[in-house]
Each structure stands twice: as structure tokens, then as C-alpha cells.
Amino acid sequence: FIQMLRSAKKRDVLELLRRAPEEMRPFIVEAAVAAQSVACLAALSDFLDFSKEPKSLLEKFLYAAAFSPRPSGELLRLVLDKLAGKQLAPEIWETGIVAMGSLVGKLCQQKLCGLQEVERGVETILRGLRGAQEEPEVVIHLLALGNAALPETLPTLLGHAEEGPTTVTTTAISALRQFPAQHISSKVKRAMRRIFHEKRKSYEKTCRLAAAEILLDNHPSPMDVINILLATKEMETEMATLLLLKVRSSLHAHHHPARKIMKDIMGDPRLNNYNFFSKAGISSSFSGPLTVTQDLLSTFGLDLLFLEGGFLRKSISEFSLLSHGRRLRAAQVTIEAQGMESMMGENTSDGEEEPELMAGMSVIFFDVQLRPIVFFQGYTDLMAKVLLSSGEPTSVVKGNLLLMDHHQVIPLQSGLQVTIKLQGGLGLDISADMDMSIWEQELKTGMNTRGSLAMDFQAELDSSFLQATLRSQTEVETSIHFDTMLRLSSSPVLMCLQLREEQVSYR
């Protein structure tokens, strides 16, 4: 369909969009964004009216742009023009800002940072951040900077990480984790040390843990590792348990950049002893390989941080791909609940501000941070959701994405030429739901990820006396479900975790 659209005229694409049945329009919009021809982008510009079109269709367009493997300056200009100076629904505006950050980052990876559209995109995000009044606005702009991962924005992110309230600090540190290791400089590490060791002010436990992760995952110095281990002595049990398990799992991971340093440090019995590693918390951290080949390592990691009373504070499940020194976060899903201490009659730690009651979810997919989903915010909202719950899962992202688009002509020694084309498309559906029963005192969360990958490879030799074509098509389908259930009526809180993976079909 993409190949067909690339040779179509603007009026034909426009006619197709206007006449297509409503349920087919999202698919055509995604294909037109993937095609990225001048005609397709012009047709989309005429067809998409951001003040009229349904929100679902506009989100499809923006996410298709954000995931584009090799976006053009024209695609970024189209997104900028559609978002400029309009009164938009909050979800569309947030998705647009996040998509803008992704497009800016990918264009800079193609050495196109000097484009006028890129400069305009960066200025739009930074101006929006400077003018943001509400916390959610600040968060969205910081996520966009994380997607862009431009070294010149590091001072801005560090400022928000150190000075902002809890949510802003967590978001800024999360954005810093999007940067490649070469940009995590000594200045960034000094800021992370100040946050972890609380040199300037006290920070919420999730902020401190995130700062420690940046230090441990980016070629740490032996002193950093030792200081983090020593600091666990003064921490509450759950936080210390999670951090010690992180250190231990990095020892077993052959690909971890800190593995050699950890092994040397663990040779010291003053640090590697029962007294240190016998924290009796229920928080856990696990990371292990799923697939190992000569060129690729895929890993699955799961972090669960509990409160002292047994309530789940934060869960992070992550699938990563490592190949030839590069790391790609294929999928990372964070489910977070805060402010539950007051509901359960627990007290917050000394020096910590009492957080607002909130539960939400954040997803990174193929290194693109999506717009966060809020399940409920505040006690009134929680009660409304409990009483009016439809039982339907919340869709995080659903659609079709072009992941690979490669075209190459190879001259052979014989003087003949071979043309190679490779395209890879992904159909994806990620949804999540949270169900809280006040009467039965149960909390259930579920995350469902369904995906199908199709790859089309073609090698063609064409000359006046010889024609030959080699073609290969591959399809893979799978789905993964991650469910949690907490029974709050018992003490300690009972919890059930289930990770289900359906049979992978491969053709």
C-alpha cells in the first residue's frame, strides 16, 4: 500500500482519504505518513483539520510521524503547522509536543540539525517549557526534550531534575535516560550524585532510585558504586532492597557496562557480606536475556518497588535490544501509584512531601516516549472512576508503523547492478487497565501488548540479457500480558503477579 501511495498524485490520495470508510481512514493516514512523498504530505495537509477531525485519527497521524524511521523536514513542518496557534484538545496537544521531540531527534541523527524546521521545533519545545504554568505542561515538554536527546538541552533538563517538584524531577531524570552514554558527562553525573545523596534538599525515593540508575548504567566510577552501596545502610528497607538487587543483577549481566567494576568491588568482604545484602524487603529487580545470537541480545527486566506497608509504588517492565554496542528500548511500561500511604493510614517518610493520590502509566516504545496515561488523580476522581468504571481497558497506542525502509543499489564487479529493497512494518496494540474495588479492597492492573511484524526483502538484478529476482517475506505475531492483583484487606498486603506470553507464530 505504501509503495502504491509513493507513485500516486496528490488529488488521488486526497480522494482516497475523503471517500474511504471511517474505519479505514486511520490505516490510510498511517500509510500516507510512512510513504512521505510530496503528494502524500500535501494531501494530508489539506485533509487533516485539527479543529474538526476525531481525536483518535489525529493521534494516529501524530504517532505515525513520531515513529517514522527516517522522517523528512517536510513531515516535521506539517506537524509544526498543524499544531501552531490552535485551540487543541489536551490529548492532541500533548501527543503533538511528544511527536515533535521525536521528529527533531531523528532528523538530527540523520545530520539534519541545521534544517529550519528542526530549529523551529526545538524553539517551540523550549518556549513552551519556559511558559508552562502547570506541572503537566512542564512534564510533556521535558518528555519531548528526552525524545529529541539534544546535548544542548542537557543544562535545562538538569535544572528541572534538581529544582523541580517530585513529578518534574522524575520526568527530567527519565528524559536524561534517553540520551546515549557519551552524553552522560561528569556534569550530569555530579547532578545525579547530588540528587541521590540529597546534598541540596530531600527527594522522593523514586527520584533517588532513578538518579542511582543513571550513575550505575553509564560507566560508573568505583567510588560511585561504593557510595551507593554504603548509602543503602541508611535507607528504608524497600528502597535499599531494590537498589542492592540492581547491583546484584548487573553482576550477572555480561553486557552491563559496570560488570567488571562491580566484580572488583565485590571482592572486598567489607561490602560483599551477609549484613549488607540481607535486606528483608519484598521489592525486587530482575533482568535476564530472552534471545542471544552473535549480533543481537534481547533482554527482559522487571523492577517492583513496594511501600513499607506492602503496597506497590512503581512497576517497570522493559524489553531491550542490544546490538554492536547500541541499545534500543523496544518497550518499557511503567505503572505508578502514589499517595496510597494516606489511604492506607501510613505516614510518609520524614522530609518527604505528602504526594497527591494518583495512578498512571508511562510507555516508551522503540525509544519514543509516548504521552503518559493517568488512571485517576485525586480522591474524588478515584471514586468517580470506581463508581462509573466501564471495565474497558485504556488504549495507550494502537496502529501500524513503518519500522524499516531501506533502498540500495550495489554495483557488482561484473559491471551489473543489484537493487535491494527492505521494508518492515509493525502492527501494534498496547492497552492497560486499572480496576479498584473499594468494597472488596482489591486493586487489579493489567497491561496487554499485541504485535505483529512483517518484513519484505527483495533483491533484483536487471540487465538487457538477464533478469533475476529474489524475494523473501517474514511475519511474526505475539502477545504479552502482565497482570497484578493486590488484596489490601490482609496484612501484609497479598500480591499476585502474572506474566503471560502467548505462542509466537512465525511464518
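Trainee: Where is V333 found in this model?

Mentor: V333 is found in strand β4, which covers residues 326–338, and the model we are discussing is a predicted one.

Trainee: Why is V333 called buried?

Mentor: The relative accessibility of V333 is 4%, and buried means under 20% relative accessible area, so V333, at 4%, counts as buried.

Trainee: What is V333 in contact with, leaving aside its neighbours within four places in sequence?

Mentor: With contact taken as heavy atoms within 4.5 Å, V333 touches S315, I316, S317, M361, S362, V363 and M447.

Trainee: What makes E336 and R313 a salt bridge?

Mentor: The closest N and O atoms of E336 and R313 are 3.1 Å apart, and the criterion asks for a side-chain nitrogen of Lys or Arg within 4 Å of a carboxyl oxygen of Asp or Glu, so the pair qualifies. This pair links distant parts of the chain, with E336 in strand β4 and R313 in strand β3 (residues 312–323), 23 residues apart.

Trainee: Are E336 and R313 buried or exposed?

Mentor: E336 has a relative accessible area of 16% and R313 one of 2%; because buried means under 20%, both residues are called buried.

Trainee: How do you know which class E162 and R200 belong to, buried or exposed?

Mentor: E162 has 6% relative accessibility, and so counts as buried under the 20% limit, whereas R200, at 54%, counts as exposed because that class begins over 50%.

Trainee: How far apart are the closest N and O atoms in the salt bridge of E162 with R200?

Mentor: They are 3.4 Å apart. E162 lies in helix α10 (residues 154–163) and R200 in the loop between α12 (186–196) and α13 (205–217), so the salt bridge ties together parts that are 38 residues apart in sequence.

Trainee: Why is L16 called partly exposed?

Mentor: L16, placed in helix α2 (residues 10–19), has a relative accessible area of 31%, and because this value falls between the limits of 20% and 50%, the residue is partly exposed. L16 also contributes to a nonpolar surface patch of about 430 Å², made together with F1, M4, M24 and F27.

Trainee: What makes β9 and β10 a pair of strands?

Mentor: Strands pair if at least two bridges are found between them, and strand β9 (residues 417–437) and strand β10 (residues 442–462) have 20 bridges in the antiparallel sense, so they pair. Among the bridge partners, L422 is matched with F457 in β10.

Key
Residues are numbered from 1 along each chain as its sequence is written. This is a predicted model: local features need pLDDT of at least 70, side-chain atom pairs count only at pLDDT 80 or more; totals for chains, interfaces and linings use all residues. Side-chain values use heavy atoms; hydrogens and water are left out. Patches are made of residues with over 30% relative accessible area and no salt bridge: like charges are joined within 9 Å, nonpolar side chains (Val, Leu, Ile, Met, Phe, Trp, Tyr) within 5 Å. Accessible areas come from the Shrake-Rupley method with a 1.4 Å probe; for residues, only the protein chains shown count as cover. Helices (H or I, at least four residues) and strands (E, at least two) are DSSP runs, numbered from the N terminus. Buried means under 20% relative accessible area, exposed over 50%, partly exposed in between (1.4 Å probe, protein chains only).
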